[in-house]
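Open the model in your viewer and keep the selection panel at hand. The tour goes from one selection to the next.

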Amino acid sequence: MENKKEGKDLEMLRKSVQRLTVVIKHVKITANMCTSASDEVLFQKIDTKGVITLNRPKALNALNLSMIRKIFPVLTEWENDPKTKMVIIKGAGDKAFCAGGDVRAVTEAGKVGDRLSQDFFKEEYILNNKIGTYEVPYIALINGITMGGGVGLSVHGAFRVASEKTVFAMPETAIGLFPDVGGGHFLPRLGGKLGIYLALTGFRLKGRDVHKAGVATHFVQDNQIEELEKSLLEMHDPTAQDIHHVLDKFQKNSTDIPDKDFILAKDMEKINRLFDGKTMEEIYQNLEKDGSEWATTQLNTLKKMSPTSMKVTLRQLLEGETMTLQDCLVMEYRISQRCIEDQDFYEGVRAVLVDKDQSPQWKPAVIEGVTPQRVEWYFSPLPEERELQL
């Protein structure tokens, strides 16, 4: 009888331990998955896959310094864990992946000499480089507005999935900035002069055109994105090739959205010819000489942008064409700090994001007023202790 009682006790103990193990496992999963619903970034580790959710939907998931400081160490930890087979990054809500960096906070800091104006760009570019050199398949679901800082969180990764809700742009010349976050690296590689055109004019690409331009690697219609994520998370020990295969399959099945010609296809001959200049003066002359309605429209668009930003951007992209991502980011950090020391960045943010009068007063107001010496200053080295170290 005693042996039977001991056997029952042991069985009960075994079941209790089993239940406790299940509870602990569930608590761990919940902790990993939920982080906290109010957090700006949510992190989940599901089996061998990491999922990052940008969680500021009311701010269109705009990227700030605290988010950068949360994402970088988690990406590093997952990359160093041999069990991690995939990382997915996405945005909360149904409007945006990430509408850009929090440049308003940066300019507010810059006005009073706060370190945020140095730290934001430096740590953002370090994160961009981490994504560009990531040794685990990295999948960005850019299902919504993807601009500026949001492009930096996606475009350097192995896979970028656009949908019909995707709106891509690098609109920085309109706020006295420049297409940073590695724009000097990826934009010149889009083919022809497309990157220069997108960078100078801030032209918006939508839906399938984001894929056709080469910004996205795949197009999957919005109502299949959730199923795509589920399929990716259910994969067992996937390789990059396996992931590619799944993305290809979902792309092939995205037939509800008409597959039309690239929106700029009819303009590419003009873009490649008229935006093929070593200087902004040359591009202006090309457009004026062409005289077509299209060329006149582009010229009018350019005349609204910061002349300084355009000259800096053109040189950035021409030089970036032959540079590594790392060298581009070092160059771009120098430019970012000169923007903080100059005036157009503050004026652009005021006109577009603060007062919203859309009437920036650029200094100089025309491209002829921006001297080669001024442009050279933007690219000049910083004191050694302030340079970006990658």
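Select residues 280-290, helix α12, together with residues 293-302, helix α13. In this predicted model, the two helices pack with their axes 8 Å apart and at an angle of about 145°. The crossing of α12 past α13 is left-handed. To see the contact itself, show side chains on both helices. From α12, the contact uses Met 280, Ile 283, Tyr 284, Leu 287, Glu 288 and Asp 290. From α13, Trp 294, Ala 295, Gln 298, Leu 299 and Leu 302 take part.

Next, zoom out to the whole chain. Its secondary structure amounts to 17 helices and 10 strands. Along the principal axes, the C-alpha atoms fill a box of roughly 105 × 50 × 40 Å. The chain has 390 residues, and 51% of them count as buried. Among contacts with a separation of 6 or more, 73% are between residues 24 or more positions apart.

Now switch on the surface. The exposed area of the chain is about 18,600 Å², and carbon and sulfur atoms supply 53% of that area. Colour by charge: there are 51 positive and 56 negative side chains. How far apart do the centres of the two sets lie? The distance between these centres is 4 Å.

Go to helix α2, residues 65-80, and pick Glu 77. Is Glu 77 buried or exposed? Glu 77 has a relative accessible area of 54%, so it counts as exposed, the cut-off being over 50%. For a distance check, add His 245, which is 168 residues from Glu 77 in sequence. The C-alpha atoms of Glu 77 and His 245 are 27 Å apart in space.

Then select Lys 130 in helix α4, residues 116-132. Lys 130 has a relative accessible area of 14% and is therefore buried, as the cut-off is under 20%. Which residues does Lys 130 touch, leaving aside those up to four places away in sequence? They are Phe 72, Leu 75, Thr 76 and Glu 79. For one of these, Leu 75, the C-alpha to C-alpha distance from Lys 130 is 8.1 Å, across 55 residues of sequence.

The remaining stops concern the backbone. Most residues other than glycine have a negative phi, and most peptide bonds are trans.

Select Asp 47, in the loop between β1 (41-46) and β2 (49-54). Asp 47 is not a glycine, yet its phi is positive, at about 60°. With a relative accessibility of 60%, Asp 47 counts as exposed.

Move on to Asn 61, in the loop between β2 and α2. Asn 61 is not a glycine either, and has a positive phi of about 55°. Is Asn 61 buried or exposed? Its relative accessibility is 0%, so Asn 61 counts as buried. Viewed in turn, the two loop residues give an exposed case in Asp 47 and a buried case in Asn 61.

Finish at Pro 364, in the loop between α16 (344-354) and α17 (372-379). Include Lys 363 in the selection and display the bond that joins Lys 363 to Pro 364: this peptide bond is cis, with omega about -5°.

Methods
Residues numbered from 1 in each chain as written. Predicted model: local features only at pLDDT ≥ 70, side-chain atom pairs only at ≥ 80, totals over all residues. Heavy atoms only, no water. Helix = DSSP H or I, 4+ residues; strand = E, 2+ residues; numbered from the N terminus. Buried < 20%, exposed > 50% of the residue type's maximum accessible area, 1.4 Å probe, protein only. Contact = heavy atoms within 4.5 Å. Areas by Shrake-Rupley, 256 points an atom, 1.4 Å probe, with all protein chains shown as cover. Lys, Arg positive; Asp, Glu negative; His and termini not counted. Charge placed at Lys NZ, Arg CZ, Asp CG, Glu CD. Axes fitted to C-alpha atoms, helices over the stretch in contact; angles between N-to-C directions. Left-handed = near helix turned anticlockwise from the far one by under 90°.
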